[in-house]
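Here are my notes from a pass through this one, in the order I would walk a colleague through it. Have the viewer open alongside.

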Amino acid sequence: MALITLLMVQGCNNNDCEGLDCFTQPTAFVFEIVDQQTGENLFTNGTYTPGQIEVLNSADNSKRDFSFIADNDRNLISIGSIGWETEIADVVLKIDGEDILNLYVDTERVTENCCNFSKYNKISIENAVYDFDKQTFIYTIYV
């Protein structure tokens with residue numbers, strides 16, 4: 001009898017998530033690079049070009065995936081490759097060989113109530129002056 005009860009309880013627990021599609025992808029880190037004096041986007045004004053962007057792991061200089069968002073002349077850098085798994089990401093954003101910022105992210109991939117999501121234990125940006133817009137989730141980096 002105890003074995004049947006155990007199997008029924010396990011069966012119920014396994015079925016609790018059945019048919020529930022609850023996956024939240026990690027939030028991308030999005031940066032706008034602007035002139036500190038004028039506030040102009042440095043890609044829009046031609047100071048930089050997307051081909052000059054590098055996103056590298058600090059430890060070994062290996063490349064990290066990123067995308068450049070040029071839609072409607074927004075000209076933003078999006079690093080969406082962080083947070084898909086439990087990791088500590090320590091990356092450098094370079095433009096034209098110059099270090100623009102260091103991004104450190106301690107991410108934990110968590111499952112609760114059948115849902116998967118990223119929990120950010122620590123996010124820090126170093127070696128840059130910046131503002132963060134809590135509504136758009138865009139970091140404005142002043143160069």
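1. Start with S2 and S5: they pair antiparallel, with 5 bridges between them. If you want a register marker, look at Val55, which sits opposite Leu93 of S5. Keep in mind throughout that this is a predicted model.

2. Next door, S5 is joined to S6 by 9 bridges, again running antiparallel. Here the handy register pair is Ile88 with its bridge partner Asp106 in S6. The hairpin that S5 and S6 make has 2 residues between the strands, and Asp96 in that hairpin has a positive phi near 55°. That one is worth picking out if you go through the backbone torsions.

3. Carry on to S6 and S7, an antiparallel pair with 11 bridges. Val105 is matched with Ile123 in S7. Put these pairings together and you get an open sheet of 4 strands, order S2-S5-S6-S7, with antiparallel pairing. S2 and S7 (115-126) are the edge strands, each pairing on one side only. From one strand to the next the twist averages 25°.

4. What about the other sheet? It is open too, with 5 strands in the order S3-S4-S1-S9-S8, and its pairing is mixed. The edges are S3 (67-69) and S8 (129-133); each has a single partner strand, so one side of each lacks a neighbour in the sheet. Neighbouring strands in this sheet are turned by 30° against each other on average, ignoring direction. For a parallel piece of it, go to S1 (residues 29-34) and S9 (residues 138-142), which are joined by 5 bridges. Val34 has Tyr142 as its bridge partner in S9.

5. Stepping back to the whole protein chain, the tally is 1 helix and 9 strands. Along the sequence the pattern reads α-β-β-β-β-β-β-β-β-β. Of the contacts between residues at least 6 apart in sequence, 52% join residues at least 24 apart. Buried residues account for 31% of the 143 in the chain. The chain exposes about 9000 Å², with carbon and sulfur atoms supplying 48% of that area.

6. Which residues have the most contacts inside the largest nonpolar core? They are Phe31, Ile33 and Leu103, in a core of 22 residues. At least two core residues come from each of S1, S2 (53-57), S4 (76-79), S5 (87-95), S6 and S9. Leu103 makes a good centre for a contact view: beyond four places in sequence, its contacts include Phe29, Phe31, Ile79, Ile82, Val91, Ile123 and Ile125. Asp90 and Ser124 are also among the residues it touches.

7. Thr107 deserves a look as well. Is it buried or exposed? It counts as buried, because its relative accessibility is 0%. This threonine belongs to S6 (residues 98-112). Leaving out residues up to four places away in sequence, Thr107 touches Ile82, Gly83, Glu85, Thr86, Glu87, Ser118, Lys119 and Tyr120.

8. Compare that with Thr27, in the loop between helix H1 (2-15) and S1. Thr27 has a relative accessible area of 44%, so it is classed as partly exposed. Past its neighbours within four places in sequence, its contacts are Ile82 and Tyr120. The C-alpha atoms of Thr27 and Phe137 are 8.8 Å apart, although 110 residues separate the two along the chain.

9. Last, the rings. There are 7 aromatic pairs in the structure. One of them is Phe43 with Tyr48: the ring centres are 5.8 Å apart and the planes are at 50°, so this pair counts as tilted. Phe43 is buried at 7% relative accessibility, and Tyr48 is buried at 9%. Elsewhere, ring pairs link Phe31, Tyr130, Phe132, Phe137 and Tyr139 into a cluster. Phe31 is thus a name to note twice, since it also appears among the core residues with the most contacts.

Technical notes
Residues are numbered from 1 along each chain as its sequence is written. This is a predicted model: local features need pLDDT of at least 70, side-chain atom pairs count only at pLDDT 80 or more; totals for chains, interfaces and linings use all residues. Side-chain values use heavy atoms; hydrogens and water are left out. Two strands pair if DSSP finds at least two bridges between them. Axes are lines fitted to C-alpha atoms, for helices over the stretch in contact, and angles run from 0 to 180 degrees between N-to-C directions. Buried means under 20% relative accessible area, exposed over 50%, partly exposed in between (1.4 Å probe, protein chains only). Contact means heavy atoms within 4.5 Å. Accessible areas come from the Shrake-Rupley method with a 1.4 Å probe; for residues, only the protein chains shown count as cover. A nonpolar core is a set of buried Ala, Val, Leu, Ile, Met, Phe, Trp, Tyr and Cys residues joined through side-chain atoms within 4.5 Å. Rings of Phe, Tyr and Trp (its six-membered ring) pair if their centres lie within 6.5 Å; planes under 30 degrees apart count as stacked, over 60 as edge-to-face and the rest as tilted.
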